[in-house]
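Trainee: Could you take me closely through how the helices pack in this model, and then place that packing beside the sheets?

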Amino acid sequence: MKSHVIVGRGAAASKTALLLAEDGERVRMISRTGGGPDHPLIDKVTADATDTDRLTDLTEGADTLFTTAAPPYHLWPQQFPALSASLLSTARRIGVAYVMLGNLYAYGPVSGPITPDFPLTATGPKGRTRARVWEEAAASGVKVTEVRAAQFYGAGAFSVFSLMVQRQVMEGRLVLVPQELDVPHSYSAIGDTARTLVAASRNEQAYGRAWHVPTSTLSVRELAGRLAELAGAPEPRMEEMTERDLTMLAFTEPFWAEMHEVLTKPGQPFVIDYSETEKILGVSATPVNEVLGEVIQLY
């Protein structure tokens with residue numbers, strides 16, 4: 001029986017664990033809280049992944065080490081290096097295959113469609129942090145791959161859309177969102193993210209390079225409208241947050257100060273190309289209405 005270790009406990013980690021367990025493979029989930037889904041083949045462990053010796057002990061014997069973990073959003077430059085160094089050291093010590101969940105920040109504000117071999121040209125602190133994490137892993141000699149997701153949506157997602165749009169739309173309230181309302185944007189479903197992580201881990205062609213999670217591309221207004229229609233809610237009332245709005249909110253919560261770096265260029269679509277993921281890994285995007293239907297059920 002194959003076994004795997006997943007560092008993280010969020011929606012992507014939990015869905016990945018369930019996919020593996022449902023295929024009859026053992027999974028150990030490691031997080032500071034010991035969280036995760038209940039399943040006979042899933043073992044949940046409370047541990048700090050920056051403790052390399054402890055992480056190595058917990059990973060010994062595994063076929064794959066997955067990471068979906070990240071420090072608090074505003075502390076990425078300070079805390080990501082220690083976390084990624086511990087994960088990479090563990091993978092090197094054991095010789096285990098290493099599958100990383102990343103995002104698109106490392107590309108910076110570039111024109112698309114963005115392919116996985118685009119240069120990592122971000123200059124902001126979060127984008128450069130993400131770029132360094134991958135660059136160090138790719139140069140380490142470890143058997144490693146990175147799966148890069150766009151903005152999450154779907155049941156259990158933690159993103160601008162899930163935090164600032166979903167509930168407001170379903171409750172008929174005004175939606176304020178820090179992105180242009182009518183510019184196309186790629187969104188990755190949580191389920192598709194997990195399926196891509198699993199597919200990459202099982203395909204020898206996946207290692208040594210990055211892959212894009214399949215996405216659906218539409219504007220945030222269109223996505224909100226689809227959600228409202230499916231939920232039987234009123235047509236969404238939406239407004240774009242200004243730079244001043246974000247600056248004022250930053251005085252109340254560090255998260256908001258970080259949004260300036262990841263805003264796209266005005267009028268510039270942010271679209272990714274995931275054709276290689278479909279062709280080689282066999283993963284396609286789940287229809288939008290199906291993903292939103294799961295959100296409504298959870299709500």
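Mentor: In this predicted model, helix α3 (residues 76–94) and helix α4 (residues 125–138) pack at an angle of about 15°, and because angles under 35 degrees count as roughly parallel, α3 and α4 are roughly parallel to each other. Their axes lie 10 Å apart, and the crossing in which α3 passes α4 is right-handed. On the α3 side the contact involves W76, P77, F80, S84 and L88, which meet P125, K126, T129, R130, V133, E136 and A137 of α4. Sorted by class, the residues of this contact comprise seven nonpolar, two polar and three charged.

The pair formed by helix α1 (residues 11–22) and helix α6 (residues 190–201) can be described in the same terms: the packing angle is about 55° and the axes are 8 Å apart. α1 and α6 are therefore oblique to each other, and α1 passes α6 in a right-handed crossing. From α1 the contact draws on A11, A12, K15, T16, L19 and L20, while α6 supplies I190, G191, T193, A194, R195, L197 and V198. By class, the contact of α1 with α6 divides into eight nonpolar, three polar and two charged residues.

Helix α6 also leads to a sheet, since α6 lies across β7 and β9 and runs at about 70° to β9. These strands belong to an open sheet of three strands, ordered β7-β9-β11, with mixed pairing. β7 (151–153) and β11 (216–218) stand at its edges, each with a single partner strand, so one side of each is left without a neighbour in the sheet. From one strand to the next the twist averages 45°. β7 and strand β9 (residues 185–189) run parallel and are joined by three bridges, and Y153 has A189 in β9 as its bridge partner.

A further open sheet has seven strands in the order β3-β2-β1-β4-β5-β6-β10, with parallel pairing. Here the edges are β3 (42–46) and β10 (210–212), each of which has a single partner strand, so that one side of each is left without a neighbour in the sheet. Neighbouring strands of this seven-stranded sheet are turned by 20° against each other on average, with direction ignored. At the β3 edge, strand β2 (residues 26–31) pairs with β3 in the parallel sense over five bridges, and the bridge partner of R28 in β3 is D43.

Note on methods. Residues are numbered from 1 along each chain as its sequence is written. This is a predicted model: local features need pLDDT of at least 70, side-chain atom pairs count only at pLDDT 80 or more; totals for chains, interfaces and linings use all residues. Side-chain values use heavy atoms; hydrogens and water are left out. Two strands pair if DSSP finds at least two bridges between them. Helices (H or I, at least four residues) and strands (E, at least two) are DSSP runs, numbered from the N terminus. Axes are lines fitted to C-alpha atoms, for helices over the stretch in contact, and angles run from 0 to 180 degrees between N-to-C directions. Angles under 35 degrees count as roughly parallel, over 145 as roughly antiparallel, 65 to 115 as roughly perpendicular and the rest as oblique. A crossing is left-handed if the near helix is turned anticlockwise from the far one by less than a right angle, and right-handed if clockwise. Contact means heavy atoms within 4.5 Å. Ala, Val, Leu, Ile, Met, Phe, Trp, Tyr, Cys and Pro count as nonpolar, Asp, Glu, Lys and Arg as charged, and the others, Gly among them, as polar.
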